[in-house]
Amino acid sequence: MNVLISLAAVGGLFLLGTLGGAPGMGWIFGVVLPYLAVGIGIGGLIWRVMSWANVPVPFRIPTTCGQQKSLPWIKSNPLENPHNGLTAVGRMALEVLFFRSLLRNTKAEVIDQRRLVYTSAPWLWIGAMAFHWSFLIILVRHLRLLANPVPWCVTFLQRADGFLEIGLPVIYVTTVLFLAGLAYLLARRLASPQLRYISLAGDYFPLFLFLGIGISGFWLRHWTKTDIVSVKQVAVGLSGFSFDSDALAAAGSLFYGHLFLVCVLLAYFPFSKLSHFAGVFLSPTRNMANSNRSVRHVNPWDYPVKVHPYDEYEDEFREKMKGAGVPVEKE
Amino acid sequence: MNDKPKIIVGLVVVLVAATFPFWYTLAKGRDVLPEDRERPSEGSRCVMDDPVANHMQVLNTWRDEVVREGDTEQIKVDGKKYHKSLTDGCLQCHSSREDHCDRCHEYANVELTCWECHLGSKGD
């Protein structure tokens, strides 16, 4: 059910977007909605991250599986169990850039009908790496439409990405990896009963949204070839705040379908699971050094406690204590 | 008590990177739309129905047919014969490589390999 709702939602949104190809609608779908989406995306991101920034940092949680730094002759594992800020940055970088946690994914199997065996299950990591890195490169590649003149690094990336020179227009490696990664991540959710049970519409919708964007982008480049010059005029007009109604009319409804899905993605980003893009940096078990024992940590919100030590107590009650026969330390 | 200063620094870095197209265009000037493309003159027509979208594929097919299969037979459009060739076909009408190819290709940053072997019109 979650699957069908998400699929129908993305399909409906795409069809809604193709309305941008109708006469006069280019201004709404090609100018107003993209700015609105960027505004919601940026505003939402700031709101989301600031709501996290106000949360007190918890005490360091040393969830690690590496040897802690202690005596000099015991070999420690600084990336697994960082002891200072620098090594914590190293662990963070491996997590953010290479999703190291996903490599710990395991699969439990019963073999010989009685032995439970855990094996490594790297496919989630492989699919995630293929999808995320391709997505980043595809985003940067799109700067050829948003920036004029095109920065050299974008051209370089484009050349490297298309180095296989298969097909005309050349098929980019990242296009294939992006779609293949997504297809695997979707198939994985659908194939496993346990995963299907815990998957919500909020898990399927982003997958279908990315698939919709990827497939419509592939379509625009390789099947129904879009008028790339008009598309660039629209895009560069957006980044330079100068618009051309001829280009907006010439861009074609398929392009507007693609663009509208991207707008939906931008506006949806901060309010969904996709905000893990910012949240991963704030993972308390990943971004704090395990210095619980080597450094003294004072609870930062300790307030001065009003105490009443024994000598003051005795000063206050000495006469009464003496009267009652209670022994006192000072006469 | 919390990591607000660090988080704000990170957020600003991300926002500056995300708005790169805006400040890049601001730095390079607002005049971002190109000159008009070369339009066909009255009465003439291309051998293709939609050359802007599909010219690369026709050129590729022609290359395969002529160079690899030796099929040099001319194509006939509206009773007129044309060579299946870039130099002897397309460039006969669209003589200026600069106006006809480079303007859009440079604007959209689409790199092409034609001129690695072929020569453009005179003077190129």
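Colleague: What makes B:E111 and A:R159 a salt bridge?

Modeller: This is a predicted model, and in it the closest N and O atoms of B:E111 and A:R159 are 2.6 Å apart. The cut-off is 4 Å between a side-chain nitrogen of Lys or Arg and a carboxyl oxygen of Asp or Glu, so the pair qualifies.

Colleague: How many salt bridges are there between chain A and chain B?

Modeller: The count is one. For polar contacts, the rule finds ten residue pairs across the interface, both partners at pLDDT 80 or more.

Colleague: Which helices of chain A make up its side of that interface?

Modeller: α2 (26-53), α5 (143-146), α6 (152-161) and α10 (228-240) each supply at least two residues. The largest share comes from α10(A), with nine residues.

Colleague: And what is that side like by class?

Modeller: It has 28 nonpolar, nine polar and six charged residues.

Colleague: How much area do the two chains bury, and on which atoms?

Modeller: Chain A and chain B bury about 3600 Å² between them, 67% of it on carbon and sulfur atoms. On chain A's side, A:L168, A:K225 and A:V229 supply 16% of the area buried against chain B, more than any other three residues. The contact takes 43 residues from chain A and 33 from chain B.

Colleague: Turning to A:Q68, why is this residue called buried?

Modeller: Its relative accessibility is 16%, and the label applies under 20%, so A:Q68 counts as buried. A:Q68 is found in the loop between α2 and α3 (85-98) of chain A.

Colleague: How do you know that the A:Q68 side chain makes a polar contact with the side chain of A:R293?

Modeller: The distance given for that pair is 3.0 Å; the limit is 3.5 Å, with one atom able to donate a hydrogen and the other to accept it, so the pair counts. Leaving out residues up to four places away in sequence, A:Q68 also touches A:S76, A:N81 and A:N290.

Colleague: Which residues touch the most other members of the largest nonpolar core?

Modeller: Of its 41 residues, A:L209, A:F210, A:F255 and A:L265 do. Among the elements giving two or more residues to this core are α9 (201-222) and α12 (253-268) of chain A. Beyond its neighbours within four places in sequence, A:F255 is in contact with A:L220, A:T226, A:V231 and A:V234.

Colleague: Which residues does the second, separate core include?

Modeller: That core has seven residues, including A:L45, A:A278, B:I7 and B:L15.

Notes. Residues numbered from 1 in each chain as written. Chains lettered and ligands numbered in written order. Predicted model: local features only at pLDDT ≥ 70, side-chain atom pairs only at ≥ 80, totals over all residues. Heavy atoms only, no water. Contact = heavy atoms within 4.5 Å. Buried area = accessible area lost by both parts, 1.4 Å probe. Helix = DSSP H or I, 4+ residues; strand = E, 2+ residues; numbered from the N terminus. Nonpolar A, V, L, I, M, F, W, Y, C, P; charged D, E, K, R; others polar. Core = buried A, V, L, I, M, F, W, Y, C linked by side-chain atoms within 4.5 Å. Buried < 20%, exposed > 50% of the residue type's maximum accessible area, 1.4 Å probe, protein only.
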